Amino acid sequence: MNKPVIIGSGLAGLTAAWALSPADCVLVTPGTLTDNAASMWAQGGIAAALADDDTPELHAADTVRAGAFVGDARTIRRITDAAPDVVALLAELGVPFDHTDDGRLDLALEGGHSRSRVAHAGDSSGAAITRTMAAAVRDLPSVHTLDRHTARRLLTDSDGAICGVEVLDASGAVLVLETDAVVLATGGMGALWPCTTNPATALGQGVAMAARVGARTDDLHLVQFHPTALDVPAFPNPLLTEALRGAGAILTADGERFVHELQPRDVVAAAVWEQLRAGRQVRLDCRDIPSVVTRFAAVAELCGAHGFDLAGDLLPVRPALHYAMGGVTVDAQARTSVPGLWAVGEVSRTGLHGANRLASNSLLEAVVTGRAAADSIRGADTRWTPRVLPVDPGTVVSASAGPAVDLAEVRAVLGDSCGVLREGDTLERAVDRLAGLRHDDAGYVAWLVARSALLHPHTVGAHRRVDSIETVAAQEVPA
């Protein structure tokens, strides 16, 4: 085997590189390590059953419920069972998790969880965890980092197996890395929507590269809208962490509370959207959270940058695209349907999240899948037998030349057709329009998303078809 090539330096890619040691690998990143990685932006933390009143079984049950009961049961149990060891590993590597006065991990409550189980490092947990893993990777002589290199396409041989990666260096020169093992860790695709909490670079590049060489994708229509993005004219939208609502923040529309804030994100996002559609002003009220500015220092700074006081103001919010539950389909070893191609983190579709990701399960998945890919590569033999169904040939479109695509148009089409609520006629028009943009990777991924949404006529979780059932009404506030 040639040196494995890992594309992406967020938490999942870094974990794969770390776990491969002492075996050599090449890590390709468009900036320096962790630049524009969505894992750096995660505020809440990492979910694990660590409290005395909690178990991995309860964590699994909450994951199943939040995912609208369509997640993969074996995957859910495997990953939630691994969660306590993942937190222990990260703590051993030096992640500065918050502790209570008696020395225990301070575990937060977030939406969809029946127990307080989110280990955190202030309200910048993703940055703390990802930086710690990056520091561990920098110390490894086995990891050869190609920073300021952008992966452009995957190369396959006559049998359809991976044989290399084509990348562009900082000058724009083309470089081919010969390898028979590639780990995609490119993150999500939220920046294809007009309102998102993702980095502006999150355009689904990994999905495009994989799909063009025949990798199966699934559930691309299942994208999560975070219900509390700060509603300001910024791209991306600043995120107001789930942990605020776990600490007692409430949502109001024209001054009246309208939803139980700690339900799963799809339910809360739909309720917020309905209020906005009705012309009401939706606000997040954090004023009764004790010591809110010190507990949520990063959020307070973020709000201040847009002219709001976290402790004193009612904060305007709206749903914004936050996470992709679907992606490149993988098995328990992170293997795709293309020999020699692994996918980890948000670019992958593991089955953990079902139709709606449970809060703070994403960093957990990144670590588990990154380690799984490394274990698989180290133990790889000449056979490639992933438990992944063959690709739908209708999704495979080879790269071709074409006119420049206006990204603003792509965002407008997806925002109109694949927002919080969807309907068939609009989706049909979107598929037709985006079909002409498939020569461009952003247009191709947007077409795959709209096509998947059109092919799923029934509402499930975050995919809400208003032409199949009634729209979801705002939930009653419990007494």
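Visitor: What makes the charged end of Arg335 count as sitting over the ring of Trp384?

Guide: A charge sits over a ring if NZ of Lys or CZ of Arg is within 6 Å of the ring centre and within 35 degrees of the ring normal. In this predicted model, the charged end of Arg335 is 5.8 Å from the centre of the Trp384 ring, so it sits over that ring.

Visitor: Why is the pair of Trp342 and Trp384 called edge-to-face?

Guide: Rings of Phe, Tyr and Trp (its six-membered ring) pair if their centres lie within 6.5 Å; planes under 30 degrees apart are stacked, over 60 edge-to-face, and the rest tilted. Here the centres are 4.9 Å apart and the planes meet at 90°, so the pair is edge-to-face.

Visitor: And what makes Tyr444 and Trp447 a stacked pair?

Guide: Their centres are 6.4 Å apart with 20° between the planes, so by those limits they pair and are stacked.

Visitor: How do you know whether Trp342 and Trp384 are buried or exposed?

Guide: Buried means under 20% relative accessible area, exposed over 50%, and partly exposed in between (1.4 Å probe, protein chains only). Trp342 has 2%, so Trp342 is buried, while Trp384, at 22%, is partly exposed.

Visitor: Which values place Tyr444 and Trp447 on that scale?

Guide: Tyr444 has 0% and counts as buried; Trp447 has 6% and is buried too.

Visitor: What should I keep in mind about this model?

Guide: Local features need pLDDT of at least 70, side-chain atom pairs count only at pLDDT 80 or more, and totals for chains, interfaces and linings use all residues. Residues are numbered from 1 along each chain as its sequence is written, and side-chain values use heavy atoms, leaving out hydrogens and water.
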